[in-house]
Amino acid sequence: GDGTTTIFESSNGKRLFDLTSRSSSTMQSIVFTKDKKYIFGVNRNEFFKWSSRDGSLILKEKFFNQTKKSNDENKNFTLSSNGSLVAGSGHLDVDHNKKTEFVKKHNLITYEDFFVYDVANNKMLFKSKCKPACQNFTFSRNNKLLAINSINAIDIYNVSNWKRVRQINMSKFKTNYLIEFKFNKKGDEIFVFYLVGQIQSFGKYSLRKNKVIKKKVVHENTA
């Protein structure tokens, strides 16, 4: 597309308005605030805050400069459900030689750091090194946990103190190719979609029991 994000009325499908300021890359997360006054969005490089009344732009924060457009679809940024926190890292197309003011201010190393940023208070809450790399981030629905895919594992952090509370090794699902993962509503289980060869599978991991509690084949490519 051309970078335009459009808001629709969910009850009848009516097109309401386009959000001002076109996105330089695919939107990775969009949420409404609890009071429905604002819309927050984040793509691979930028954070946006719009008015939900007319889609006018209130704030735009640029995290990274991008050298080119590619087919890299890894989710390198996400928003908490209330839109107050942004978690993410660099990606394959970041221009490491052309640092943004955000990177300079917070002394980020664009090819190895991940961070959590409090948008409402303009404050860096946490940053650390990706070991060996970070891709795909997701918060639990109650915003108490943050899960990060670090190539061969899913690392889960407690948002209150930024300590890692669990590491789920992908060998438990007999795969090293993770498609997507999400918390359940309670935040005590992780739903995992992954590939084993050409077989697309679904798994469920209990954080309380610290083990896989379900595996299921979703689709097998026989072509």
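**View 1. A network of salt bridges links Glu 112, Asp 113 and Lys 129.** The model shown here is predicted. Within the network, Lys 129 forms a salt bridge with Glu 112, and their closest N and O atoms are 3.1 Å apart. Lys 129 lies in strand β10, whereas Glu 112 sits in the loop between α1 (101-105) and β9, so the pair ties together parts that are 17 residues apart in sequence. Lys 129 is partly exposed, with a relative accessible area of 37%. Glu 112 is also partly exposed, at 27%. The whole structure holds eight salt bridges.

**View 2. Glu 46 and Lys 60 meet in a salt bridge.** The N to O distance between their side chains is 3.5 Å. This pair links distant parts of the chain: Glu 46 belongs to strand β5 (residues 46-51) and Lys 60 to strand β6, 14 residues apart. Is Glu 46 buried or exposed? Glu 46 counts as buried because its relative accessible area is 5%, and the cut-off for buried is under 20%. Lys 60 is partly exposed, with a relative accessible area of 39%.

**View 3. Four strands make an open sheet.** The strand order is β3-β4-β5-β6, and the pairing is antiparallel. Which strands form the edges? They are β3 (29-32) and β6 (57-62), and each pairs on one side only. From one strand to the next, the twist averages 10°. Strands of a sheet pair through backbone hydrogen bonds. Here, four bridges join β3 to the antiparallel strand β4 (residues 38-42). Look for Phe 32, which stands opposite Ile 39 in β4.

**View 4. Strands β1 and β2 form a hairpin.** Strand β1 covers residues 6-8, and strand β2 covers residues 15-18. Three bridges join the two strands, which run antiparallel. Phe 8 has Arg 15 of β2 as its bridge partner. Six residues lie between the strands, and in this hairpin Gly 13 takes a positive phi near 75°. Arg 15 has a second role in this view: its side chain meets that of Asp 18 in a salt bridge (2.8 Å, N to O). Arg 15 is partly exposed, with a relative accessible area of 49%. Asp 18 is partly exposed too, at 30%.

**View 5. A disulfide joins Cys 130 to Cys 134.** How many disulfides does a search of the whole structure find? It finds one. The S to S distance is 2.2 Å. The angle about the S-S bond is -115°, and the link is left-handed. Cys 130 and Cys 134 are both buried.

**View 6. Asn 122 and Asn 136 each have a positive phi.** Neither residue is a glycine. For Asn 122, phi is about 50°. Asn 122 is found in the loop between β9 (113-118) and β10 (123-129), and is partly exposed at 42% relative accessible area. For Asn 136, phi is near 70°. Asn 136 is found in strand β11 (residues 135-139). With 7% relative accessibility, Asn 136 counts as buried.

**View 7. Nonpolar side chains form a patch on the surface.** The members are Tyr 177, Ile 179, Phe 193 and Val 218. Together they have about 380 Å² of accessible area. Val 218 is found in strand β18 (residues 211-220). Val 218 counts as exposed because its relative accessible area is 52%, and exposed means over 50%.

Methods: Residues are numbered from 1 along each chain as its sequence is written. This is a predicted model: local features need pLDDT of at least 70, side-chain atom pairs count only at pLDDT 80 or more; totals for chains, interfaces and linings use all residues. Side-chain values use heavy atoms; hydrogens and water are left out. Two strands pair if DSSP finds at least two bridges between them. Axes are lines fitted to C-alpha atoms, for helices over the stretch in contact, and angles run from 0 to 180 degrees between N-to-C directions. Patches are made of residues with over 30% relative accessible area and no salt bridge: like charges are joined within 9 Å, nonpolar side chains (Val, Leu, Ile, Met, Phe, Trp, Tyr) within 5 Å. Accessible areas come from the Shrake-Rupley method with a 1.4 Å probe; for residues, only the protein chains shown count as cover. A salt bridge is a side-chain nitrogen of Lys or Arg within 4 Å of a carboxyl oxygen of Asp or Glu. Buried means under 20% relative accessible area, exposed over 50%, partly exposed in between (1.4 Å probe, protein chains only). A disulfide is a pair of cysteine sulfur atoms within 2.5 Å.
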